[in-house]
Amino acid sequence: MADISTLQVGDIILVRDGKSFIASGITWWMKIYKKKKGITLLATYHHAGTVITDESVLRIAEAVGKGYQINSIEKAYSLQEWGKRIDVISPDTPYTEKEKKWLSQKAKEYNQEITRYDFLNFFFQIWLIKTGKWIGPRGKKAENRLYCSEAVATIANYVRPCTFVNPAATNPMDIAINHNYHFI
C-alpha cells in the first residue's frame with residue numbers, strides 16, 4: 001500500500017487491478033510473463049509512472065492513451081486508488097538534487113513534445129513474451145512513441161544509464177523487479 005506523503009522525485013508508481021479492457025489484457029500477459037520468468041511477486045502490474053517535480057510540486061509523469069502526460073498526484077489517481085491498487089518503488093541509491101532536476105526536466109521535455117502512446121508495443125510485448133526476442137524499435141527511434149513502462153525506463157536511464165537494459169522492451173513487471181529499486 002502506497003503512502004503518498006513519502007513520495008520522492010524518482011519514485012516509480014506501479015498500478016495493479018485495472019478494470020479497463022486494455023489493463024485487463026496487459027495484466028493477463030504479465031501473468032504469463034511472470035510465470036515464464038519465475039517472478040514470485042504476488043501483485044501483477046499493468047501500468048507504471050514516474051514521480052517528478054514541476055514548479056516545486058510533486059506530480060506523476062506517465063504515458064497514457066492521450067500520450068505522455070504530467071498531472072498532479074490527486075488528478076492522476078484518487079486517494080482510494082493509492083490505498084488499494086498502487087505500489088511504489090524507490091531507487092536503492094537515492095537521487096541527488098541534480099539527478100532529480102534532470103529526471104523532472106526530461107519528463108517535462110517528453111510532455112512538451114508530441115510523444116504519442118505506443119499502442120503497437122502491445123504486439124511487440126506479446127512477441128517478446130512468446131519468443132524471448134524483441135522486434136520493436138530501440139533507442140531514439142523508440143522515443144517518438146512511448147508506452148508507460150518504456151517511458152519510466154527511458155527517463156531512469158537518462159539520469160542513470162543502464163538502469164534498464166532495453167527501455168523500449170521494458171514492461172511493468174520488469175520495472176517491479178529491477179534490482180536498482182525497492183518497494184516502499
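**Group meeting: from one serine to the whole fold**

Hello everyone, let me start with one residue: Ser 104 is buried, at a relative accessible area of 2%. By "buried" I mean under 20% relative accessible area, while "exposed" means over 50% and "partly exposed" is what falls in between, using a 1.4 Å probe and protein chains only.

Some housekeeping. This is a predicted model, where local features need pLDDT of at least 70 and side-chain atom pairs count only at pLDDT 80 or more, whereas totals for chains, interfaces and linings use all residues. Residues are numbered from 1 along each chain as its sequence is written, and side-chain values use heavy atoms, with hydrogens and water left out.

Back to our serine. Where does Ser 104 sit? Its place is in helix 4; helices here are DSSP runs of H or I with at least four residues, strands are runs of E with at least two, and both are numbered from the N terminus. Not counting residues up to four places away in sequence, Ser 104 touches Val 9, Ile 52 and Thr 53. A contact, by the way, is heavy atoms within 4.5 Å.

Now to the sheet. How many strands does the open sheet have, and in what order? There are six, in the order 4-3-2-1-5-8, with antiparallel pairing; two strands pair if DSSP finds at least two bridges between them. Strand 4 and strand 8 (181–183) are the edges: each has a single partner strand, so one side of each is left without a neighbour in the sheet. From one strand to the next, the twist averages 30°.

Let's walk along part of this sheet. Strand 2 and strand 3 run antiparallel and are joined by five bridges. Among the bridge partners, Ile 52 goes with Arg 59 in strand 3, and Asp 54 with Val 57 in strand 3. Helix 7 packs on the sheet, touching strand 1, strand 2, strand 3, strand 4 and strand 8, and its direction makes about 45° with that of strand 2. Such axes are lines fitted to C-alpha atoms, for helices over the stretch in contact, and the angles run from 0 to 180 degrees between N-to-C directions.

Strand 2 and strand 3 make a hairpin with two residues between them, and Glu 55 in that turn has a positive phi of about 55°. Most residues other than glycine have a negative phi. Glu 55 counts as exposed, at 68% relative accessibility. A second case is Cys 162, with a positive phi of about 75° although it is not a glycine. Cys 162 lies in the loop between helix 7 and helix 8, and is exposed with a relative accessible area of 69%.

One hairpin further on, strand 3 joins strand 4 through two residues. These strands pair in the antiparallel sense over six bridges, including the one between Ala 61 and Ile 70 in strand 4.

On to the helix pairs. The axes of helix 4 and helix 7 come within 9 Å and cross at roughly 140°. Helix 4 and helix 7 are therefore oblique to each other, given that angles under 35 degrees count as roughly parallel, over 145 as roughly antiparallel, 65 to 115 as roughly perpendicular and the rest as oblique. The crossing of helix 4 and helix 7 is right-handed: that is, the near helix is turned clockwise from the far one by less than a right angle, with anticlockwise giving left-handed. Helix 4 residues that meet helix 7 include Trp 102, Leu 103 and Tyr 110.

Helix 1 and helix 5 (residues 121–131) pack at about 20° with their axes 10 Å apart, and are therefore roughly parallel to each other. Helix 1 passes helix 5 in a left-handed crossing.

Finally, the interior. Which residues have the most contacts inside the largest nonpolar core? They are Ile 12, Leu 14, Tyr 68, Leu 103, Ile 175 and Tyr 181, in a core of 34 residues. Among the elements that each supply at least two residues of this core are strand 1 (12–16), helix 1 (21–37) and helix 4 (97–112). The largest share, six residues, comes from helix 7. Another core, of 11 residues, lies apart from it, with Leu 7, Ile 73, Ala 76 and Ile 86 among its members. A nonpolar core, for the record, is a set of buried Ala, Val, Leu, Ile, Met, Phe, Trp, Tyr and Cys residues joined through side-chain atoms within 4.5 Å.

Thanks for listening!
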